[in-house]
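Below are some comments on the model, set out as numbered points. Please read them alongside the coordinates.

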Amino acid sequence: GFAESPEVVGRGVSQIEIGMVVDRNGYGPGAVTTLTAPLGLVRVGLTDRAELQIGGEGGFARWEPSGHVRGGSDLDVGAKIKLLDQRHAGVNLAVAGIVNMPVGSSQFTSTGYDPGVKVAMARTFGNGLSLTTNLQAASVTDAAGRSEEHTSELQSHVRISYAVFCL
């Protein structure tokens with residue numbers, strides 16, 4: 001999915017984000033290649049500090065030595081609230097609550113309604129340099145029932161340009 005920014009789109013603004021991921025695990029005859037597209041996220045501003053989010057990883061295609069598998073992903077529904085602003089607190093900070101809805105293909109679904117929370121924090125230092133971190137905790141359904149999943153991600157961005165289409 002997408003790395004979470006602590007920013008919200010703002011009241012009355014709708015934004016669509018789309019991307020894709022190609023992942024190759026290994027080399028040679030045992031390599032596994034996965035294409036995920038389109039990664040999608042719709043953000044709708046409820047207030048200046050809160051937004052609704054609906055997204056998913058779209059379709060998957062995986063090529064393995066044993067064959068080709070394809071299907072669709074689950075859907076994530078949630079809300080994000082911006083708690084701190086860099087101008088006043090020295091850092092941007094937001095929290096998002098998310099529920100994974102099991103609507104994906106059998107090969108790619110979690111089969112359960114999986115809740116999660118994500119904390120996004122960022123600090124801009126000027127000259128296009130910023131530091132962003134995401135911390136996430138989720139309860140994920142697996143074949144044996146439920147398990148906990150914790151992830152963290154730290155990114156450093158220097159003059160990153162991107163295009164976003166706003167409705």
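1. Which side chains meet in a salt bridge at 3.0 Å, N to O, with arginine 87 as one partner? In this predicted model, the partner is aspartate 85. The two ends differ in exposure: aspartate 85 counts as buried at 12% relative accessibility, while arginine 87 counts as exposed at 70%.

2. The whole structure holds 8 salt bridges. A network of them links Glu4, Glu17, Arg43, Glu51 and Lys80.

3. Within that network, glutamate 4 pairs with lysine 80, with the closest N and O atoms 3.0 Å apart. Glutamate 4 is in the segment before S1 and lysine 80 in strand S6, so this contact ties together parts 76 residues apart in sequence. Both partners count as buried, glutamate 4 at 10% relative accessibility and lysine 80 at 1%.

4. Lysine 80 also forms a salt bridge with glutamate 51 (3.8 Å, N to O). Glutamate 51 belongs to strand S3 and lysine 80 to S6, so the pair ties together parts 29 residues apart in sequence. Glutamate 51 is buried, at 0% relative accessible area.

5. S3 and S6 run antiparallel and are joined by 7 bridges; isoleucine 54 has valine 77 in S6 as its bridge partner. S3 also pairs with strand S2 (residues 32-45) in the antiparallel sense over 6 bridges, and valine 42 stands opposite isoleucine 54. S2 and S3 form a hairpin with 4 residues between them.

6. A nonpolar surface patch of about 690 Å² includes Val42, Ile54 and Val77. Strands S1, S3 and S6 each give two or more residues to the patch. Isoleucine 18, another member, lies in S1 and is exposed, with a relative accessible area of 64%.

Conventions: Residues numbered from 1 in each chain as written. Predicted model: local features only at pLDDT ≥ 70, side-chain atom pairs only at ≥ 80, totals over all residues. Heavy atoms only, no water. Patch = residues over 30% accessible without salt bridge, like charges linked within 9 Å, V, L, I, M, F, W, Y side chains within 5 Å. Areas by Shrake-Rupley, 256 points an atom, 1.4 Å probe, with all protein chains shown as cover. Salt bridge = Lys/Arg side-chain N within 4 Å of Asp/Glu carboxyl O. Buried < 20%, exposed > 50% of the residue type's maximum accessible area, 1.4 Å probe, protein only. Pairing = 2+ DSSP bridges.
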